[in-house]
Amino acid sequence: MNMNKKVVKLTVAATAITVTAASCLISVNASKAKSNEEKEKNDAVEANAKTSESAADKADNTVVNTVEKVAGTTQADADKSETVYVTSDANGNTKSVIVSDWLKNTNKEGAIADVTNLTNIENVKGYETYTTNSDGTITWASTGDDIYYQGETTKELPVTMKATYYLDGQEISPADLTGKSGKVKIRFDYTNNSVNKVLVGDEEANIYTPFTMITGMILPSENFSNVEVSSGKIISDGKNEIVVGYAMPGLEESLDLADKDIDFSMPDYFEVSADVTDFSLAMTATVATADVLSDFDINGVEDFDELEDSMKDLTDASKKLVDGTSDLADGVTTLKDGTTTLRDGVETLDGKSGELVDGMSTLANGASELNEGTDKLAQGSDNLEAGAKKLDESTQTLVDGLNQTKEGADTLVSSYSAAVDGSSQLAAGLESLNNGASQLQSGVSSMGDSLSASIAEYSAKIQEAEAGISGAEAAKSDLQTQEAQLIDGIKATAAASGDTSALEENLAQVQAGIAQYDAGITNAYNLKGQAEGAVAALSQIQSQMASSGLSDGVAALASGSGDLLTGANSLSTGIDQLYAGTQSLQTALDSLSEGGAKLKSGTSSLYGGASELNSGVSKIDEATGKLASGTATLYDGGIAYTDGVSKLKDGGVELDNGVTKLKDGVTDLKDGMTKFDDEGINKLSDAFDGDIKPLKDRINAVKDAGDNYKIFSDVKENTSSSVKFIFTTDGI
């Protein structure tokens, strides 16, 4: 073992004891706190709740929990863990003592043997019972579980406490202090009653059990201010000041340090003072434990001569430590300059973060408006695609109608060709009739026969003409139907914003042809009427020839045949005109059909383009939606960033302030190390130079006294145990 470490461990033993047993104990998060110990505490408090005069009835759990955590006792590993609850009045005078024991049934046995001197024993967590044996031991029946019981005792306590109250420097009773205001001081004095005569080296010495007393109380901040504690720590939660004080009664006597020129205090009391208005105090709680030095070991220090050399090394090392703290102070000064620069930079960043958030907000708003616009564009694109589809379907209907109209026109042209041939034949026949009438006048004898033949022939021709006219009328009806479809198609094209100029030109041609067709049909009907009148006249002539004079009949026949020939010529001319109009209609329908095919091709392309446009617009709309969502997220991130920068700014200020305090602290450390070297190490070296072994022996004797104090009531031989004391005082 390195001798520097040996001499440090031995020569500063008193300081180490104080630090180990006190400073570490006042940490609320003491490393020795165990979950099983918390269970023991809760069970013990629960157990004590069954006794009307128990300590738990009047203890504030917050204070008790705090001091137990601070004490950091280690009872979890013992076979028998004991907690002694002491209730006291406001001055610390004992009122009752209740002992709570926890027997651990590690092997899940059916019976647990125990030794106790308690009275009024009660199972506080189960229904197991015990029997008293002839040798004074007791046996608990068990189902494999642990046993928790409590009892009473009148045995003298190993440590006691006294509380004294002062108002504005004058002692005052607790009852008189209630409701008062002023400067209040409370002093807690502890008396160690557990002392043993122990052989230390060649001498007998009084060695006290090293009880560490940890006392806690809660002082409301609205009534207590400027709180100070002489040996301990103050924990503030904003509403209350939790005061934790400590003392180690008898330790200074055990180590025989009273005559040593060492400025280390091992108090057997502590004081708390505050400015108070309307004084009241709920209660105080104190934990006493003797196992705080369990882990302290100096058995490695053996060689006295080496210690003398190492003391010199320690002195030299102290000098170097003083020099090191000086260098540390210089480094902290440089760090302070850096944190100041950091704070200024963060403040600049914080000033610009607002502009960043404004920009992100503008971006988010723009993205939202863009998203709304693309939504409308998508809706318009849907409508365009639907309109293009309807236009394409209407154009197909128009093309189908034009094709049907063209087919009808082709049929009509064929029919008119037959009508033209019939009208020519009719004209030729009527001319023959007229010639025959002339001949009839010259040859009455053969006129009767010729007249009958001519009437029959002309009647047949009239029937043929009627058939042609009927076909023409049917074709006309088809043309009128197709004309209506053509007009509807043109309207649909116009509604779809298409080019209708070619269709309108073709429609004009069709309508002109239909008008000519109507005129020809009208003329045909007129000629038919004239022809029918001529046939009637011939029939009448024939009748008259039979009933009247022949000359009159012949004269009438000549006159009628002349009229009939004139009508036949007019009929032929009308049919020729109608045929020419039908051919014009056929030509127009050919052009119109060709234009309709082109229109259908254009509307199909329009529909296809509209579909592709709608698909593209949908993708754009989806993308802008994601863009809007992303920019909104970006804006939220900007807000979080601004908050972070603001916190960073606050942290930078705190860091700068902290480094300032660190700088001050390092300066104090430097001064303190110098003082420690001058007044501590040097004095320590002088105080123990050549006389260290007795101190080592006393430290070991104190440690042994603490290790040996494991129970207050009693315990069965070869059973591990642990004990702690909890004192509570009445409220004021």
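Is Phe-725 buried or exposed? Select Phe-725 to begin: with a relative accessible area of 0%, Phe-725 is buried, where buried means under 20% relative accessible area and exposed over 50%, with partly exposed in between (1.4 Å probe, protein chains only).

Before moving on, note that this is a predicted model, in which local features need pLDDT of at least 70 and side-chain atom pairs count only at pLDDT 80 or more, while totals for chains, interfaces and linings use all residues. Residues are numbered from 1 along each chain as its sequence is written, and side-chain values use heavy atoms, with hydrogens and water left out.

Next, add Phe-211, whose ring centre lies 6.0 Å from that of Phe-725 with the planes at 75°, so the pair is edge-to-face. Rings of Phe, Tyr and Trp (its six-membered ring) pair if their centres lie within 6.5 Å, and planes under 30 degrees apart count as stacked, over 60 as edge-to-face and the rest as tilted. This pair links distant parts of the chain, since Phe-211 sits in the loop between β12 (203-208) and β13 (212-220) and Phe-725 in strand β19 (residues 721-729), 514 residues apart; strands (E, at least two residues) and helices (H or I, at least four) are DSSP runs, numbered from the N terminus.

Now select Tyr-709, which is buried with a relative accessible area of 18%. The rings of Tyr-709 and Phe-725 have centres 6.5 Å apart and planes at 40°, so this pair is tilted. With Phe-712 added, ring pairs link Phe-211, Tyr-709, Phe-712 and Phe-725 into a cluster.

Finally, select helix α11 (residues 693-708), where the buried residues include Leu-695, Ile-699 and Val-702.
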